[in-house]
Amino acid sequence: MTELLFSKDHEWVRLEGDVATIGITDHAQNALGDVVFVDLPEMGRVVTAGEAIAVVESVKAASDVYAPVTGRIVEVNSALVDDPALINTEPTGGGWFFKIELDGALPEDLLDADAYTAFVDTLG
Amino acid sequence: MTDSEVLLNTPLDALHRELGGRMVPFAGYSMPVQYPAGIMAEHLHCRAQAALFDVSHMGQAELVGEGAAAALEKLTPADVQALKPGRQRYGLLLNAAGGIVDDFMVANLGDRLFLVVNASRKHIDLPLIESVLPSGVTLKPLPDRALIALQGPGVAALVPTQLTFMGIGEIEIAGIKVLASRSGYTGEDGLEISVPADKAEALARALLALPGVRPAGLGARDSLRLEAGLCLYGNDLDETTSPVEAALTWSMGKRRRMEWNFVGADVVRDHLDNGVKRLRVGIRPEGRQPARGHTVIQKEGAAIGEITSGGFGPSVGAPVAMGYVAREAAGDGTALDLIVRDKALPAKVAPMPFQPHRYAR
């Protein structure tokens, strides 16, 4: 399994070949609380890094999920529709959101695990 | 409220932190929105067993003196004078335009009235009440008392009392003298317990030590009250909304609706006689997507209202909401569209409460 990279918007990215699997981090799911609904992007949609393309709703609030990379949506996790709690229980496993076929290279501002942990610590 | 302003702490602040409460600013206070269990678990636990909430931020006061009830009735259409000793009821404070200044609880303690008002409104309510008092009646704020809500079907067995629903009296819990009322804001049976601030932590610890009692935060309190169809001041009620529009006509006493001698009575009477343009209703969105406060409500493409409270109901297992719609769209089953992120989410007007009340009547 390849190493995860992280965005400062609290998404994780796992790159396999030219396809990136993306979800939200454990820190993000913990801050959100119990997830009750997720609005996933359409298949085939072309997305730009930094664009809000999904929504995750907890009991308390709604939050945007951003595309951490530029490319095309090639798969979405339909299991989340019936079981959005997977985002809480398996944020970096069964709780993945979507897969993006990369257009170009990974953005350089993605963080490795240590840098992301340090970033989260700065948020208090 | 900005971060630079100092937040007030309740007498249970240290306990919240010890229990892992996630503290947030609310009405000028630092309050726990949830504990490590999370809003969903805290909500469901309240409906299954018993949950302890710190509501010490709410305003408590006493009204003392001959004619206290009549004086309060200048500001509220609730029948305060008919309230028997040991009984409590829900009421609304109104302004001259018939708008709701606050919703509150009033109890007859025999020699005085006991009031509980919203934290966000106490700085407005208390001077307003003070302004209508005749000589001989005094308003005494009780800033040195905490308020703890113990809610859920398990409470009656854990803290047995002689009180029935909306009964109030002095009782002793764990050796501490408290003023308890059999009421709450969750739709469940339970107690709201007023206790001197210096005894509050000891009381809370004693209650949390009872089998099945767990702490719950403001998040669960909000989802519980929404499922129970209960209003939150500032969301569902405000100074531009009348009791009739808010579907709270039931809180107005029959005698009061013959005498019409409260502030704003002419507007309220007009709303009752001639009907209102908008009404508060329950709303059930289809599917699982919640619609939050301020969501625009459409019917056949035209905007006809707005959601005032909305979220996911953990016990209902589906999104629930309340809001105001044009009167002609207020009938149960009316098909609506909720405009969530520029998309129409189908919904229907639905009866409240969404979760049946289980009060000990």
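**Helix 7 of chain B**

I looked at what comes after helix 7 of chain B and found Gly229(B), whose phi is positive, near 75°. The model is a predicted one, and I read every entry here with that in mind.

I then went through the helix itself for burial. Of its 10 residues, 9 are buried, and I noted helix 7 of chain B as mostly covered. The buried set runs Leu218(B), Gly219(B), Ala220(B), Arg221(B), Ser223(B), Leu224(B), Arg225(B), Leu226(B) and Glu227(B).

**Arg225(B)**

I picked Arg225(B) from helix 7, which spans residues 218-227 of chain B. Is Arg225(B) buried or exposed? Its relative accessibility is 0%, so I entered Arg225(B) as buried.

Which side chains make polar contacts with the side chain of Arg225(B)? I found one with the side chain of Asp236(B) at 2.8 Å and one with the side chain of Ser309(B) at 2.7 Å. Leaving out residues up to four places away in sequence, I listed the residues that Arg225(B) touches: Tyr185(B), Leu230(B), Cys231(B), Leu232(B), Asn235(B), Asp236(B), Ser309(B) and Met322(B).

I checked the domain bounds for chain B as well. Domain 1 covers 1-224 and domain 2 covers 277-350. I noted 30 Å between the C-alpha centres of these two domains of chain B.

**Arg17(B)**

I moved to helix 1 of chain B, residues 13-18, where Arg17(B) sits. I recorded Arg17(B) as partly exposed because its relative accessibility is 47%. Its side chain is joined to that of Asp13(B) by a polar contact of 2.9 Å.

With neighbours within four places in sequence set aside, I found Arg17(B) in contact with Asn9(B), Met23(B) and Ser30(B). I also took the C-alpha separation of Arg17(B) and Pro32(B), which is 8.5 Å for two residues 15 apart along the chain.

**Salt bridges within the chains**

I ran the salt-bridge rule over all chains and got 27. I followed up several of these pairs.

In chain A, I looked at Glu101(A) and Arg72(A), which form a salt bridge with their closest N and O atoms 3.2 Å apart. Glu101(A) belongs to strand 9 (residues 98-102) of chain A and Arg72(A) to strand 8 (residues 71-76) of chain A, so I logged a link between distant parts of the chain, 29 residues apart. I have both partners as partly exposed, Glu101(A) at 28% relative accessibility and Arg72(A) with a relative accessible area of 35%.

In chain B, I found the side chains of Arg112(B) and Glu62(B) in a salt bridge of 2.7 Å, N to O. Arg112(B) is in strand 8 (residues 112-117) of chain B and Glu62(B) in strand 5 (residues 59-64) of chain B, so this pair ties together parts 50 residues apart in sequence. I noted Glu62(B) as buried, because its relative accessible area is 10%.

I also looked up Arg255(B) and Glu259(B), a salt bridge whose closest N and O atoms are 2.9 Å apart. Arg255(B) is partly exposed, with a relative accessible area of 24%, and Glu259(B) is partly exposed too, with 38%. I then traced salt bridges that share partners and found one network joining Glu62(B), Asp111(B), Arg112(B), Lys140(B) and Glu170(B).

**Contact of chain A and chain B**

How many residues does each chain give to the contact? I counted 15 residues from chain A and 17 residues from chain B. The two chains bury about 1300 Å² between them, with 49% of it on carbon and sulfur atoms. On the side of chain A, I found that Val36(A), Val59(A) and Lys60(A) lose the most area to chain B, together 41% of what that side buries.

I got 4 salt bridges across the interface. One I looked at joins the side chains of Glu57(A) and Arg292(B), at 2.6 Å, N to O. For polar contacts between chain A and chain B, my count is 10 residue pairs, both residues at pLDDT 80 or more.

Which elements of chain A each supply at least two residues to the side that touches chain B? I listed helix 1 (26-32), strand 4 (35-39) and strand 6 (52-58) of chain A. By type, I divided the residues of that side of chain A into 9 nonpolar, 2 polar and 4 charged.

Key. Residues are numbered from 1 along each chain as its sequence is written. Chains are lettered from A and ligands numbered from 1 in the order in which they are written. This is a predicted model: local features need pLDDT of at least 70, side-chain atom pairs count only at pLDDT 80 or more; totals for chains, interfaces and linings use all residues. Side-chain values use heavy atoms; hydrogens and water are left out. Contact means heavy atoms within 4.5 Å. Buried area is the accessible area (1.4 Å probe) that two parts lose on being put together, summed over both. A polar contact is a pair of N or O atoms within 3.5 Å; within protein, one must be able to donate a hydrogen and the other to accept it, and residues adjacent in sequence count only if both atoms are side-chain atoms. Helices (H or I, at least four residues) and strands (E, at least two) are DSSP runs, numbered from the N terminus. Ala, Val, Leu, Ile, Met, Phe, Trp, Tyr, Cys and Pro count as nonpolar, Asp, Glu, Lys and Arg as charged, and the others, Gly among them, as polar. Domain bounds come from an automatic or database domain assignment. Buried means under 20% relative accessible area, exposed over 50%, partly exposed in between (1.4 Å probe, protein chains only).
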